[in-house]
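Let's take a walk through this fold, starting with the whole chain and ending with a few side chains. Keep the model open as you read.

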Amino acid sequence: MKKKKLLGINFLCGAVSILAFLVLWNIAVQGELGKMLPGPIPVLEKFFTSLVSGKIGQNTLVEHAFYSLLRVMAGYALGSVVGVILGLAMGTYKMVEAICSPLFRIIRPIPPIAWIPISIIWFGLGETPKIFLITLAAFANTTLNAMTGAENVDITTINAAKMLGANEFQIFTTVVIPASVPSIFAGLQVGISCAWASVVAAEMVKASNGLGWIIQAGMDNNNMTQILSGIIMIGLGGFVLTYIMRTIEGVACRWNKSGR
């Protein structure tokens, strides 16, 4: 009962904050700002009419979001798998860390948008460069968190496993990986957020659909209502993906205090 009450209070506070933001937005555009920025009513009208019926380009807003989601899932899956494997290996084996860590530390701070010219040269103008940019966005965070989780495994547990006769592979699969799961999920949460955010930049690479294309096309046509509709959909999509990841983490890590 207490948990339901807390959820109700959180929902009410969230609804009030959104309503207050819309009111302030509407007040702000009554002045000079209204010459550059449309108010919430025309933007929300455009957003809801474009969801399933009114088309932006060749697709509805939901269809554009679906294309973006497909690209994000492809890049996120690839970046997460490679990142978790590499991170666990670097956190467990010093030789792997010595070889891979310097290059990873150099690549990690580079934003995905900086790779756009190189991705075009390497992969052309199809779907591959878009997935490549999203992969990079997911890769950095999942690698770092997986490595941190593996490095922080309790040495006492590892020594106990060795005393019981476990070999290196058994220690890695039965001790290191399970103990690193909370950190891995933390990285996966950040990774999905970064991957979703990067889809905007990725879809500016010669795309004909997707939420990033909506914003780019709105910029080309000076259509601020379309731009803000795309931004709202990106925000809602990121919120849903993050909520799903937190739910999965809560189930997978319910034995851990960090799992919520």
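Buried residues account for 40% of the 260 residues in this protein, which is a predicted model. As for the surface, about 14,900 Å² is exposed, and carbon and sulfur atoms supply 71% of that area. On the charge side, there are 18 positive and 11 negative charges, and their mean positions sit 8 Å apart.

The fold itself is easy to describe: 10 helices and zero strands. Measured out along the principal axes, the C-alpha trace spans about 70 × 55 × 30 Å. Take the contacts with a sequence separation of 6 or more, and 69% of them join residues 24 or more positions apart.

Now for the inside. The largest nonpolar core has 49 residues, and those with the most contacts inside it are Leu-61, Val-72, Tyr-76, Leu-88, Leu-133, Leu-211 and Met-233. Several helices give two or more residues to this core, including helix 3 (61-92), helix 6 (127-151) and helix 10 (224-252). The largest share comes from helix 8, with 15 residues. Tyr-76 is a good place to zoom in: leaving out residues up to four places away in sequence, this side chain's residue touches Ile-134, Ala-138, Leu-188, Gly-191, Ile-192, Ala-195 and Met-245.

Helix 8 (residues 168-202) also carries Gln-189. Is Gln-189 buried or exposed? Its relative accessible area is 13%, so with the cut-off for buried at under 20%, Gln-189 counts as buried. Beyond residues up to four places away in sequence, Gln-189 touches Thr-242, Met-245, Arg-246 and Glu-249. Met-245 is thus a contact of Gln-189 and also of Tyr-76.

Next, the aromatics. The structure holds nine aromatic pairs. In one of them, the rings of Trp-115 and Phe-132 have centres 6.2 Å apart and planes at 80 degrees; edge-to-face needs over 60, so this pair qualifies. Trp-115 lies in the loop between helix 4 (94-107) and helix 5 (116-123), while Phe-132 is in helix 6, so the pair ties together parts that are 17 residues apart in sequence.

Phe-132 has another partner in Phe-123: this pair is tilted, at 5.1 Å centre to centre with 50 degrees between the planes. How do the two fare for exposure? Phe-123 is partly exposed, at 36% relative accessible area, whereas Phe-132 counts as buried at 17%. Trp-115 is buried as well. Add Trp-122, and Trp-115, Trp-122, Phe-123 and Phe-132 form one aromatic cluster.

Terms used: Residues numbered from 1 in each chain as written. Heavy atoms only, no water. Helix = DSSP H or I, 4+ residues; strand = E, 2+ residues; numbered from the N terminus. Buried < 20%, exposed > 50% of the residue type's maximum accessible area, 1.4 Å probe, protein only. Contact = heavy atoms within 4.5 Å. Areas by Shrake-Rupley, 256 points an atom, 1.4 Å probe, with all protein chains shown as cover. Lys, Arg positive; Asp, Glu negative; His and termini not counted. Charge placed at Lys NZ, Arg CZ, Asp CG, Glu CD. Core = buried A, V, L, I, M, F, W, Y, C linked by side-chain atoms within 4.5 Å. Phe/Tyr/Trp six-rings, centres within 6.5 Å; stacked < 30°, edge-to-face > 60°.
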